[in-house]
Amino acid sequence: MVIRNARFVPHHRSASAAALLAAAAFVLAGCTVPTAEGVDGRTGENFQVREPSGPALVLDSTDPAELALTASQAFFHASPVAVFASADDDDARSTAAATGAAVTAPVLLTDGGVSDDNLVTELERLGASTVVVIGDEAAVAAAGEATGKADVVRFDPGALSAAAEAAASAGRGGDDDKKRNVTKVEMPTADRLDATKVDGLRAKIPDVADPELLQEILVAVDPKVGQEAAIGTALAAGAVPVTVPGGSVVAGPETAETIRTLQPLGVVGIGQEFGSSDDLGWQVAVATSGTTLPDGALRLFPGRYVSTSYTVPAGSADPAADAAGAVAGAAANGELLGGKPLVTVTTSVRSGAAGEDGDYVDEQPLELLEPAVDAIREAGQLVLLDVAPGNQPLAAKLKEIEPLLAKPGVGLSVHPEFRLAGNGAEAGAVPVAELQAVVDRLAAMATARGLPQIMLEVHQSTAASVVDRAALRVPPQVAVVFTAAGPAEGQATADGVWADVAADLPPRAVLGWSAPSAVPADPTGIMPTEPLLGLVSAS
């Protein structure tokens, strides 16, 4: 038998972050299983749960019946028992979810977006010989053909324990409470059921002798109405639940610390709020890596940053020492303009000559940039690497500076309006696909290396410098900031430029604004307030 890793709490026990962390007394090496199996005590049939492939999986259907079906397919290879409830009955769904967790069986829903034929097909795939229907005789009759050839056992929907009923009643409250809590549900754990009634149910269904459950798999949830069956199936398979408010592992330190301590083999998110499997995969990777931004966070916004420009002096013998002045300047600007200090380090400049590589860009040597970047990071400040555009796509220069971008707290700054014509772009503008390639490259790097969120600043004097900008897809790994540029070096962003750049931003994008060289003692009178500023670019 495979022993559950001691970092994980026993199956079906409530798993708050504190309890999970307290369970981390020691670690057993090598406890991994692709599947876990048991034997039906009466029939000798095989019973298996499935370990989801890959480090992260998201089940994101908004239809409760479809979500329940995909959870059954994701977590179970086979089961002699399945639990049924009507998708239209809130109480029955909740009871069914807790019942599945109690008797180690997947939970499926009728009357929803899944046909009876598809439910029968799922029962046949599972090899389920018995279906437990939650409800009265009318519910059993309504299940009808969806149960196929399986034996049907009815389970009273009033089986929720008195404590669970009281909690549910308190949560439902009056009409005002219903409006506030309409999307929240109680975690459907087995202890919500009356133990005596569960024992009575077990006597009527095939007895699975000591089934082995999933090892070191977490199910991330922010429980919503309609997700009960899917969550119950995950608990039945042995997944340990972790509540993730808003579906963001990286939003708060407690959840990230839980993931880091447990080092799970995989995490399954239930609900659209977790984004794609790649999105959740990055969150798990960065949480387990222990890598953070200078302030200890894993994502950059909400918040405000104030950038200070810096170029390593030509012929510098000590770039790290030279960078100290930029660190001090960034700190002063941050205090004056109300934000966290950030230094924009020039990595390349535009050139009037094509040069050996023909791109009209002169690059700073990496051996000069790296000591300066490290000095700024060691001072606790963020870094943006300013890359000059030439006649190549914006992503063309990323490989050269990737050793710097691979450092936590280092981002990128680009200038599409200075793009030269060539390689699919007109002078002064880039197609959105060219900017998307930069975003996707940074996102892939963050996921592969377990890096916290990476900032990408896009300088614009007009929104048209990124053609079809509103179509840009911004994944959670990257914080994209569109900075409305000043009309000339050292000047603040003009109102017209601000209005143009601020309009029709892509979803998830943040706004930046250029401050004048001579910042007044009280800058609040010249800084825009709507929408909120995420970055102030100061010299």
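# Exercises on a predicted model

The buried residues of helix α11 are D279, L280, G281, W282, Q283, V284, V286 and A287. Keep in mind that this is a predicted model. Let's work through it, one exercise at a time.

## Exercise 1: Helix α11

Task: Check the length of α11, then find what its buried residues pack against and what follows the helix.

Solution.
- Step 1. Start with the length. The expected span is 1.5 Å times one less than the number of residues. With 13 residues, α11 should span 18 Å, and its end C-alpha atoms are indeed 18 Å apart, so the two values agree.
- Step 2. Now look at the buried residues, which include W282 and V286. The packing partners of the buried set are β3 (56-59), α10 (253-262), β12 (266-270) and α15 (432-449).
- Step 3. Step off the end of the helix. There you meet G290, with a positive phi near 80°.

## Exercise 2: Salt bridges between separate elements

Task: Take the pairs R154–E137 and D295–K340; which parts of the chain does each one tie together?

Solution.
- Step 1. Begin with R154 and E137, whose side chains form a salt bridge with an N to O distance of 3.4 Å. R154 sits in strand β8 (residues 151-155) and E137 in helix α5 (residues 137-143), so this pair links parts that are 17 residues apart in sequence.
- Step 2. Check how open the two ends are. R154 is partly exposed at 37% relative accessibility, while E137 is exposed at 54%.
- Step 3. Move on to D295 and K340, a salt bridge with 2.7 Å from N to O. D295 belongs to the loop between α11 (277-289) and β13 (305-310), and K340 to strand β14 (residues 340-346), so the parts tied together here are 45 residues apart in sequence.
- Step 4. Do the accessibility check again. D295 is partly exposed at 46%, and K340 is partly exposed at 36%.
- Step 5. For the overall tally, the model has 18 salt bridges.

## Exercise 3: A salt bridge within a helix

Task: Place D374 and R377 in the structure, and say which network they belong to.

Solution.
- Step 1. D374 and R377 form a salt bridge, with 3.9 Å between the closest N and O atoms. The cut-off is 4 Å, so a pair at that distance still counts.
- Step 2. Both residues are in helix α13 (residues 366-378), three residues apart, or about one turn of the helix.
- Step 3. R377 is partly exposed, at 26% relative accessibility.
- Step 4. Follow the shared partners: salt bridges join E370, D374, R377 and K407 into one network.

## Exercise 4: Backbone oddities

Task: Locate two cis peptide bonds and two positive phi values in residues other than glycine.

Solution.
- Step 1. Try F301 to P302: that peptide bond is cis, with omega near 10°. P302 lies in the loop between α11 and β13, and that loop also holds D295 from Exercise 2.
- Step 2. Next comes the bond between E530 and P531, also cis, with omega about -10°. P531 is in the loop between β23 (510-514) and β24 (533-538).
- Step 3. For the phi values, go to T104, where phi is near 60°. You'll find T104 in the loop between α3 (90-103) and β6 (107-110).
- Step 4. Then go to D504, where phi is near 55°. D504 is in the loop between α16 (495-502) and β23.
- Step 5. Buried or exposed? T104 is buried, at 12% relative accessible area, whereas D504 is exposed, at 66%.

## Exercise 5: The surroundings of S61

Task: Work out where S61 sits and what its side chain reaches.

Solution.
- Step 1. S61 is in the loop between β3 and α2 (64-75). You've met β3 already, as one of the packing partners of the buried residues of α11.
- Step 2. Anything under 20% counts as buried. S61 has a relative accessible area of 15%, so S61 is buried.
- Step 3. Trace the side chain. The side chain of S61 reaches the backbone nitrogen of D63 at 3.2 Å, and a polar contact of 2.6 Å joins it to the side chain of E66.
- Step 4. Leave out residues up to four places away in sequence, and S61 touches E66 and L67.

Conventions. Residues numbered from 1 in each chain as written. Predicted model: local features only at pLDDT ≥ 70, side-chain atom pairs only at ≥ 80, totals over all residues. Heavy atoms only, no water. Helix = DSSP H or I, 4+ residues; strand = E, 2+ residues; numbered from the N terminus. Buried < 20%, exposed > 50% of the residue type's maximum accessible area, 1.4 Å probe, protein only. Contact = heavy atoms within 4.5 Å. Polar contact = N/O pair within 3.5 Å; in protein donor to acceptor, adjacent residues only side chain to side chain.
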